[in-house]
Amino acid sequence: MEGLNQFRPLDQFRRLTSSAAIVVCALCCGAFGHATAFGDHYRDHCDSSRTSWETHVDETKVKVTEHARDFYERQAGTAAERVQLSAPLGDAAVALTHGVPRTPVHDDLTASVWVRANRSGAMISMRVVLPHQTDPRTGEPASFEVIGPTYRNTHRWEELTVSSTGDEVEKQMGLLRGRLANVLKDRTLDSRDAHVDRVTVYSPLGQGVTELLVDELQFGPLAQLSDEQETIQQIKATQEELLECPIRINPNELLIEGRPKVPRIAIYHGEDLDALAETGINVVWIERYDDQILLDQLAQRGMWAMAAPPQLPVGPDGNLLSPDRSGLMPIPASTAPILFWTVGTRIPPDQLREVENWISLVRDADRAFTRPRPVLADVVSQERAFSRHISLIGNSRHMLHTTFVPSQYRDYLSYKKNLALPDRLGFTWLQTEAATPNQSTRQDSRHEPIVVEAEQIWLQAYTSLSVGHRALGFWTTGRLDEKTPSAEERRLAISLLNLQADLLEPMLATGRVVDSVPVEIGVKDDSAGRSRGLRSGLIPLAKDASSETDRPDVRAAVIQNKYGSLVLPLWYDNQAQFQPGQMAGKDVRLVVPGGGQHAFAWSVTTTSVQPLELEYPAGGMEIRLPMLDQYAFIVITGDPDFGVKLTQRMRSQRERAAQLWVELARLRLERVRTTHEQLDQLARTKVPDAETRLTQATQWVEHASAQLQAENPQYDEARRSSRLAMQLLRMLQHAHWENAVAGMTSPTSSPHTICFSTLPDHWRMVNAIGSGSGWSGENLLRSGDFEDLDTVIADDWKCVFDTTQDRAVELHTDAAQGRMGLRIVSRSDPQEPVVDIPMTPNVSVVSPAVPIQGGQIVLISGQVRIEKQVSGHPDGLMIYDNVKGTVGALRFWRESPRGKWEPFRIIREVPHSRDIQLTIELNGDGDVRLDDVRVVALSPPRLAGGTRPSDPEKNPRRNLLDFTPSLPKVPFWNGRKSKDSNDATE
């Protein structure tokens with residue numbers, strides 16, 4: 001198990017060096033019977049994906065049903081070679097042969113191999129060749145087999161060893177002499193340069209299926225043959241041999257050094273490489289491909305590199321030269337630690353030709369390898385065209401702290417992936433920090449930092465895997481090894497994610513997604529003990545967790561692979577992009593299509609492998625879990641021993657996994673407690689049972705630590721307790737967040753309600769506004785009522801749309817206030833095929849600029865009605881300002897109830913004087929109406945860090961922005977008239 005998940009980027013150099021050393025040592029040896037020095041041993045660890053043993057059977061009697069590398073069942077290393085054969089009548093045999101370096105026979109020469117089979121009787125042998133003695137039956141040099149012991153312990157690994165001792169060789173030569181007696185002169189065999197060139201595992205086959213596994217072939221010591229000239233040629237060929245490209249990307253399969261791998265990529269920002277390696281990151285995106293010192297340091301730590309290849313040449317005019325007029329210098333072999341090249345992120349379609357030319361030149365220059373290394377790129381659109389040139393194509397979208405919900409994120413990734421060529425594998429960049437616009441608006445030292453929760457990183461990663469992506473990138477703009485509490489939580493979350501990926505890597509890297517099935521929550525199981533191994537959750541779940549009106553969106557991806565099926569149920573909480581909630585449910589049921597009556601299932605975590613019982617209703621296999629906490633991994637195979645193999649892999653990592661879980665729960669507890677204490681002082685509404693949940697979470701964290709530090713550590717119990725503590729903390733965080741966003745158009749309406757950690761700033765702002773005076777209710781956007789076309793034109797409203805299409809922007813008599821309102825409509829030809837998501841909106845409307853003084857708070861409000869549901873684009877109708885841009889956009893899709901207008905509000909703090917503009921975008925087709933758009937500037941007092949509510953109430957369920965009594969001149973602050981408003985102010 002040791003070294004199972006380690007990368008060895010310089011193995012190809014070690015193999016070349018070893019091969020050269022073997023041949024050089026051979027030159028120092030004497031001929032058969034006179035060797036005085038021996039070289040190294042030849043070894044085949046069977047760890048790559050390519051089979052190295054040849055099968056020889058009578059095809060009229062035997063069918064080879066499978067011949068492949070097995071990455072779960074092996075004696076050592078990471079894999080073994082498995083052959084499965086079917087002999088309906090029995091009375092047959094198989095010979096597995098493996099070539100070895102030609103070595104003269106000497107008394108110390110041995111060959112050994114580990115064997116595991118479901119039948120006894122397998123034997124090992126070495127072939128001895130007499131190159132100067134012809135066998136008249138074949139016309140080839142005569143040969144004989146030196147046979148070793150027989151395999152007897154079925155279903156267990158056993159080492160078989162054969163030696164070329166003088167007695168055994170003389171015995172076989174005597175038998176050969178007898179067979180060739182009629183052609184031998186003086187009954188003498190010519191044994192000059194007798195040597196061994198092949199090892200064979202011979203096994204009889206009984207009736208039915210025979211499974212044979214071989215691993216860890218060793219042969220030697222190696223010595224010299226007399227034909228030194230041929231040996232010298234072998235040395236020369238070895239020295240001139242090209243390096244083997246370490247990565248192979250096949251349809252539904254990604255292999256690194258022959259082993260199934262899921263690349264996990266991080267951008268290098270100067271982190272400590274040892275700390276980076278500890279997180280499980282295995283590919284590092286470096287700035288320069290020729291940074292040899294950094295490449296060597298990564299290789300020493302078992303990590304690969306990713307880099308941009310040499311740049312395209314530029315002509316005298318400053319323009320890029322075409323491939324037929326230019327070229328790149330050959331890329332040196334010293335760049336071998338680079339696993340694949342990257343040509344960029346978010347590449348627009350107009351750069352397709354440039355990318356195509358660049359890749360063409362790079363592949364021509366990458367000559368040090370047997371084949372050019374693959375190219376990775378993340379593109380915006382035109383996936384099919386790009387995928388003709390790119391080996392690993394990326395589709396990324398950052399959804400955190402936006403109104404783009406997780407279920408849309410899942411559908412978006414799946415849709416974009418399917419636009420590429422069917423044989424192209426995909427990847428995505430995962431958001432691990434707040435988007436730049438959100439960070440830039442929080443530069444004031446009093447602002448609380450934005451924290452990306454561990455569950456949000458996991459949700460993105462497992463969603464990506466569930467749609468079939470084979471690589472994950474962790475997008476960062478700063479160091480991963482920062483020492484802030486939030487950065488520590490991020491590091492722990494990534495480490496745990498990578499441990500889970502390591503555990504199931506052979507299934508994730510070689511499978512394909514064949515189905516997505518619904519998961520039912522709250523299905524009672526009347527049969528006791530139907531699902532074994534998973535303990536019920538100890539936390540009471542929300543009463544409406546499985547109600548008919550608010551059922552959770554939980555789906556399971558079915559990933560089929562050579563070992564069986566990997567099922568990944570995942571909880572798509574459609575508020576999780578802001579603050580994940582409980583995301584847990586009891587009595588879970590799902591039905592996986594297909595399967596047989598003899599399948600076996602296990603629930604797999606970083607610290608446990610637990611068997612599950614299967615039922616077989618019509619249509620598939622039914623799986624039941626007592627509890628689901630955000631996600632689960634379920635393995636289904638026909639191999640009853642597969643759970644043992646998984647357990648062996650899990651045990652090598654469970655101690656570290658348990659430590660990471662406990663540390664993550666501890667850090668989360670400290671952070672949530674600190675923020676809760678601030679909210680308890682600042683918030684106008686209180687969270688029921690907050691202290692109880694904090695106390696329970698503390699007890700579970702303490703229990704987890706105790707289990708980890710016990711004399712007999714209970715690693716799985718430590719993980720379970722940590723997750724229960726985190727579940728409690730999520731519930732507390734979500735309750736605080738719901739208090740803050742109650743009554744708002746969207747969590748993005750306020751600059752401080754996009755996540756739990758920023759809520760203290762939100763309540764400081766609310767309380768400061770409530771205690772202010774001298775407000776002005778003047779609408780700074782005078783044409784926002786759309787009553788007069790001349791005023792709208794004079795204010796310079798801008799509209800952008802394709803006039804050749806059925807699209808329009810107009811003033812319409814359908815209004816929320818007064819006589820007129822704004823109408824935006826787009827219709828597409830239903831006969832025209834849609835091949836991709838449009839990059840630009842169908843219609844864009846931009847308001848005139850409104851000057852705002854520094855230090856003011858801006859309220860943007862209005863009313864919207866969706867006359868016809870927006871379709872054809874995941875973003876729908878977007879309304880956003882130029883302070884945060886699309887990150888802070890409000891989104892609308894659904895058709896409004898007949899005649900009903902919906903209010904919307906956006907609040908922005910403006911630290912420095914600037915112009916504010918509002919953008920209204922219709923993405924896709926629809927018919928929408930807007931009216932009464934207002935921009936109101938407020939000048940509150942200084943927002944001191946200790947600002948508290950003047951008169952907090954006890955647990956009222958109030959509208960979040962219900963401070964209109966203090967704002968008598970702002971009648972539509974929360975979508976209704978204030979007490980002092982009148983017809984004139986409307």
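**View 1. Contacts between residues far apart in the sequence.** In this predicted model, 78% of the protein chain's contacts with a separation of 6 or more are between residues 24 or more positions apart. The chain has 18 helices and 44 strands. Of its 986 residues, 56% are buried. As for the outside, the accessible surface adds up to about 41100 Å², and carbon and sulfur atoms hold 47% of that.

**View 2. The largest nonpolar core, with Ile636 picked out.** This core has 143 residues, and the ones that touch the most other members are Trp458, Tyr462, Leu504, Leu590 and Ile636. Let's take Ile636 and skip its neighbours within four places in sequence: its contacts then include Tyr563, Val567, Val592, Phe600, Leu614, Met621 and Ile623. Gly564, Ser565, Ala599 and Ala601 are also in contact with Ile636. Apart from the largest core there is another one, made of 43 residues, including Leu130, Leu160, Leu176 and Ala194.

**View 3. Helix 15 meets helix 16.** Helix 15 covers residues 690–709 and helix 16 covers residues 715–741. Their axes come within 8 Å and cross at roughly 160 degrees. Angles over 145 degrees count as roughly antiparallel, so helix 15 is roughly antiparallel to helix 16. The crossing of these two helices is left-handed.

**View 4. Side by side: who touches whom in the helix pair.** On helix 15, the residues making the contact include Ala690, Arg693, Leu694, Ala697, Trp700, Val701, Ala704 and Leu708. On helix 16, look for Tyr715, Ala718, Ser721, Leu724, Ala725, Leu728, Met731 and Ala735, among others.

Conventions. Residues numbered from 1 in each chain as written. Predicted model: local features only at pLDDT ≥ 70, side-chain atom pairs only at ≥ 80, totals over all residues. Heavy atoms only, no water. Helix = DSSP H or I, 4+ residues; strand = E, 2+ residues; numbered from the N terminus. Buried < 20%, exposed > 50% of the residue type's maximum accessible area, 1.4 Å probe, protein only. Contact = heavy atoms within 4.5 Å. Areas by Shrake-Rupley, 256 points an atom, 1.4 Å probe, with all protein chains shown as cover. Core = buried A, V, L, I, M, F, W, Y, C linked by side-chain atoms within 4.5 Å. Axes fitted to C-alpha atoms, helices over the stretch in contact; angles between N-to-C directions. Parallel < 35°, antiparallel > 145°, perpendicular 65-115°, else oblique. Left-handed = near helix turned anticlockwise from the far one by under 90°.
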